[in-house]
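This report goes through one protein model, starting with charged side chains and ending with its sheets. Please keep the sequence and the structure in view while reading.

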Amino acid sequence: MTDYSIAYMGTKGFPFGFAQIERQKLIAKGLIQNGAELIIVSRYGIHNSFPFQYEQGVNKYEGIPFVYCSGQPIRPGGMLKRTSLKIRGLLNEIRFVMKWKGDKRIMLVSTNYFRNILYYRVLASLSGATMVVDNVEYWSSHKRKASILTKMDNFLYDRFSHRLADKVICISDFLVKKVQKADPSKLWIKIPCIVDYSIFDALPVKREKRILYCGSLNYLEVIYFVIDAFEHSGINDHTLTLVANGSKENSLLLQERIQKSPVSDSIKVYQNMKYAGLVELYKSSLALVIPLRNSAQDVSRFPHKIGEYCAASAAIISTNIGEIKNYFTDGNNALIAADYNTGQIAAKMKYATMYPDKAIEIGKHSYLTGKKYFEMNALGNELMEFFGLKGSTK
């Protein structure tokens, strides 16, 4: 199990989860397609159920080797059982790293916790592996209720995770600048969102009178903003489709907001969709909405959905904030509002519905943009060179 050049560690839940797991999956695929011998290592299971039989040891999902050090992907009932599996997972993960073979070993770490950064730094140092941190968020910017310990962990992560890494992957220019300011000599690479275009290319394009937003219910503020814009637009011959997963509480709040809307009959909500169905929705929508707010949180990140929207070749409606500026221009490969403003987003929605041929042309340009900057295989090749593994996976 230790004969791998890259061990992808730190994130729990592979192969099923939200954006972080999708990023892990696609980076892994891109690396494997470029010759890497890679394994995803999960310490213990967090799933309530698993859709296929997990065998002891190394398993494969879509060609990606993965292992649960605790021996199972399921989160068991009972505190005693869960604690014992966590301890088992921890010990087996340490054992895996200490037995790791090969001249070039990359410990690729994706985690939300500074305590994990410290833990993997120790393991990398003891085993002689190169530790690479995939930095995708500026955690201190999140405006949410959190304990003092969580806030302290976020603070330490933002300021010291890149210092402890040998190399850093950054998702945005904002995070690149943080690395450069802390340590100008630190080796870094920018990998924004990453997309498997083959999944999208396998399905036909069939545009319908639909504007779509896809995002977590944790961003209720943004979903309400999108609804406000749709109401303000005066569009009456297209539907607004919201694909939103999250807590039952937030789901009920969303339903209450829609019921109060004067255009509630034109708003549809989908939840817990299979990925193939989601891609079909993308490719049958006239425009795909993802407004970014003028906040440190949105400036520092790069939503995974942007890459998927590009691959769907539909017109993207967004705001001229953060990473959007680096890849998109209004009227060319996206419809870009100058600010996070309801009226401006409403105007872009209206434009797409009034000039569908132009929206389709813009969507084709967004497809090419994503193909150039976000395509999985090309980014996998860049990472292989960054890791020093190009031409040799040992």
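Is Glu-62 buried, partly exposed or exposed? Glu-62 is partly exposed, with a relative accessible area of 46%. This value, like the others below, is computed from a predicted model.

## Salt bridges

Glu-62 has a charged partner: it forms a salt bridge with Lys-29, and the closest N and O atoms are 2.6 Å apart. Lys-29 lies in helix α1 (residues 19–33) and Glu-62 in the loop between β3 (59–61) and β4 (64–68), so this salt bridge ties together parts that are 33 residues apart in sequence. Lys-29 has a relative accessibility of 11% and counts as buried, because the cut-off for buried is under 20%.

The structure holds 18 salt bridges. The table gives three of them, with the distance between N and O.

| Salt bridge | N to O distance |
|---|---|
| Lys-29 and Glu-62 | 2.6 Å |
| Lys-186 and Asp-183 | 3.9 Å |
| Asp-298 and Arg-301 | 2.9 Å |

In the pair of Lys-186 and Asp-183, Lys-186 is buried at a relative accessible area of 11%, whereas Asp-183 is partly exposed at 23%. In the pair of Asp-298 and Arg-301, both residues are buried. Asp-298 and Arg-301 also belong to one network with Glu-221 and Arg-293, joined by salt bridges that share partners.

## A nonpolar patch

Not every surface residue carries a charge. Met-98, Val-122 and Leu-126 form a nonpolar patch on the surface, and together they have about 300 Å² of accessible area. Leu-126 is placed in helix α3 (residues 114–127). With a relative accessibility of 59%, Leu-126 counts as exposed.

## The sheet of 8 strands

One open sheet has 8 strands in the order β3-β4-β2-β1-β5-β6-β7-β8, and its pairing is mixed. β3 and β8 (187–190) stand at the edges with a single partner strand each, so one side of each has no neighbour in the sheet. From one strand to the next, the twist averages 25 degrees.

Strand β2 (residues 38–42) pairs with β4 in the parallel sense over 3 bridges. Here Val-41 stands opposite Val-67 in β4. β2 also pairs with β1, again in the parallel sense, and this pairing runs over 4 bridges. The bridge partner of Tyr-8 in β2 is Ile-40.

How many of the residues of β2 are buried? The count is 5 of its 5 residues, and the strand is described as mostly covered. In a regular strand the side chains alternate between the two faces of the sheet. In β2, Leu-38, Ile-40 and Ser-42 are on one side and Ile-39 and Val-41 on the other, and both faces are covered.

Helices lie on this sheet as well. Helix α2 (residues 79–98) lies across β1 (6–9), β2 and β5 (106–109), and runs at about 160 degrees to β1. Helix α4 (residues 148–164) packs on the sheet too, touching β6 (130–135) and β7 (167–170), and its direction makes about 145 degrees with that of β6.

## The sheet of 6 strands

Another open sheet has 6 strands in the order β11-β10-β9-β12-β13-β14, with parallel pairing. Its edge strands are β11 (267–270) and β14 (335–337), each of which pairs on one side only. Neighbouring strands are turned against each other by 20 degrees on average, direction ignored.

Within this sheet, strand β9 (residues 208–214) and strand β12 (residues 285–289) pair in the parallel sense over 4 bridges. Tyr-213 stands opposite Val-289 in β12.

Which strands does helix α9 touch? Helix α9 (residues 275–283) packs on the sheet and touches β9, β10 (239–243), β11 and β12, with its direction at about 125 degrees to that of β9. The buried residues of α9 are Leu-278, Val-279, Leu-281, Tyr-282 and Lys-283. Their cover includes those four strands and also α6 (197–201) and α11 (304–311).

Helix α14 (residues 356–373) lies across β12, β13 (315–319) and β14, and runs at about 80 degrees to β13.

Methods. Residues numbered from 1 in each chain as written. Predicted model: local features only at pLDDT ≥ 70, side-chain atom pairs only at ≥ 80, totals over all residues. Heavy atoms only, no water. Salt bridge = Lys/Arg side-chain N within 4 Å of Asp/Glu carboxyl O. Helix = DSSP H or I, 4+ residues; strand = E, 2+ residues; numbered from the N terminus. Buried < 20%, exposed > 50% of the residue type's maximum accessible area, 1.4 Å probe, protein only. Patch = residues over 30% accessible without salt bridge, like charges linked within 9 Å, V, L, I, M, F, W, Y side chains within 5 Å. Areas by Shrake-Rupley, 256 points an atom, 1.4 Å probe, with all protein chains shown as cover. Pairing = 2+ DSSP bridges. Axes fitted to C-alpha atoms, helices over the stretch in contact; angles between N-to-C directions. Contact = heavy atoms within 4.5 Å.
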